[in-house]
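Q: Could you take a close look at one part of this model for me? I'd like to hear about one of the sheets and how its strands sit together, then whatever else fits around it.

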Amino acid sequence: MNASRSQWALGFLFALGAALPGRPAGETYRNPILFSDYSDPDVIRSGSDFYLVASTFSFSPGLPVLESPDLVHWTIAAHVLPTLPFGAKYDLTGGNRYGRGVWAPALREHAGRFYIFFPTPDEGIFMCSADRPTGPWSVPVTVIAGPGYEDPCPFWDDDGQAYLIHSRTGAGPLILHHLSPDATHVLDDGRLIVSDRKALPTLEGPKIYKQRGFYYIWAPFGGVERGSQIVLRSRSIWGPYEHRVVLSQGNTAVNGPHQGGYVEAPDGRGWFLHFQSRGAHGRIDWLEPVRWEDDWPVMGVPVMTAPMPVTLNPPCEAHPQTSDEFAESVLGQQWEWNHNPVEGAWSLTEKSGCLRLHALPAGNLLLARNTLTQQLQAQNETFTVRLELVGQQAGDLTGLAMFEQNASGLAVRADRAGRHLEYFHGADVIAGPAGFKDSLQLRVAVTGDIAQFSYSRDGGLTFEPLGPATALHFSWWKGSRPAVFNYATGGAPGGFVDLDWARIQ
């Protein structure tokens, strides 16, 4: 088994040479397919198109739906949750929900309708449904109320019976319920069907399928960074289940192949889309071809007998939306707020071609509600914004950050003497130049897990660094991400700042 695990893991690193669905014959791809933090992914096919969902935790809108014709080229088509309606802390009132909120979702199509199940570790398991994957989606329905649940996945059997499988916070065991046919509530207290803390510690993320006369549960175990992927199978949905390790790190330098979803192309070929932990970049997505032997899935390229070279930074084929000129009347799908935004505190219409952020009172950046973020989309990325400062008032703090628990960035601080720029990293501050007038450009260049901040006074002709090269970190179960912020430090609402554009290379 160990030898097979190492051989399969080589396919995990280099899934090249496998023909792509919906692409010309002979066209290949290179992993990772999404060098971006689409963690806990699940994927389905509807017709000839593929759809992917991922966890978003406290970020709002929540639960993105990505669309692809070929499992490699993805665009963000929608968000399921316009806001997170689960309590005041999602509004940054009376606390926060960093690292909580929307955990691993499951996406399914049944009887002409689409369903997404997702947990929040503090409030329960919820379901939204829609006529199309791109929405509009229904408001969340509480399927199981209360804390302590994670990673739900629904299943409709051939006889019309519906089921729901899930784990518990802390990962494991796996519990199966009868589910109402309309997927709105469970019909029983659930039965434990898989529990083996010695052989399968930290068992989570179950996805259930039926094929070849077997019920299959695909699930990771052993933890995000060091774990492996297993498949369990049984002739009965209630078990008992036997299992095999189908993907593990083996002798490569690529850590923890972790949870994801299995999907078949129109020609019947199988694919497994899953995440891998990548430090400050969060959990990025890989794609493995799947073949079947003796009714067990085998992942990766055909078995190799010699070691393959290890490349830890292969180029990504494509990425979803990034840059924004703010010319539309709605916010682009690439943007997510740090928590639920405040209605009326931001606008795309108060100044044409700009996003206006009003300064709400906050004690620090992590408590500031008008903080707009998007995910990194590459190992190396440059994120530049142009800010118009004419509406800034004394006591306001606005700027560009790499948003994480120990956030860093550049901030323009306004006081009665004027404006000055400062670099910050957590509570540490380095004073920069003063005398800024009505606009400037701010930039962060990310190289691996390191950020360098700079600014331009001359319309982008030259950029001057401010602050040291800064380490980025994984926090709140998410990668570090570029963000634009504006808040008032004086205890009362302040002025406003206009974000003219955000451009990403």
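A: Let's start with one cross-strand pair: L174 stands opposite V194 in strand 12. This is a predicted model, by the way. L174 belongs to strand 11 (residues 174-179), which pairs with strand 12 in the antiparallel sense over three bridges. Zoom out a little and you get an open sheet of four strands, ordered 9-10-11-12, with antiparallel pairing. Strand 9 (149-156) and strand 12 (191-194) are the edge strands; each has a single partner, so one side of each is left without a neighbour in the sheet. From one strand to the next, the twist averages 30 degrees.

For another antiparallel pair, go to strand 29 (residues 418-425) and strand 30 (residues 428-434), joined by five bridges. Here F424 stands opposite V429 in strand 30. The hairpin has two residues between the strands, and G426 takes a positive phi near 60 degrees.

Strand 29 also brings us to side chains: E422 forms a salt bridge with R413, with the closest N and O atoms 2.9 Å apart. E422 counts as buried at 7% relative accessibility, while R413 is partly exposed at 27%.

Now look at R356 and D498, another salt bridge, whose closest N and O atoms are 2.8 Å apart. That one links distant parts of the chain, with R356 in strand 23 (residues 355-358) and D498 in strand 36 (residues 496-504), 142 residues apart. Both R356 and D498 are buried. The salt bridge count comes to 21.

Note on methods. Residues are numbered from 1 along each chain as its sequence is written. This is a predicted model: local features need pLDDT of at least 70, side-chain atom pairs count only at pLDDT 80 or more; totals for chains, interfaces and linings use all residues. Side-chain values use heavy atoms; hydrogens and water are left out. Two strands pair if DSSP finds at least two bridges between them. Axes are lines fitted to C-alpha atoms, for helices over the stretch in contact, and angles run from 0 to 180 degrees between N-to-C directions. A salt bridge is a side-chain nitrogen of Lys or Arg within 4 Å of a carboxyl oxygen of Asp or Glu. Buried means under 20% relative accessible area, exposed over 50%, partly exposed in between (1.4 Å probe, protein chains only).
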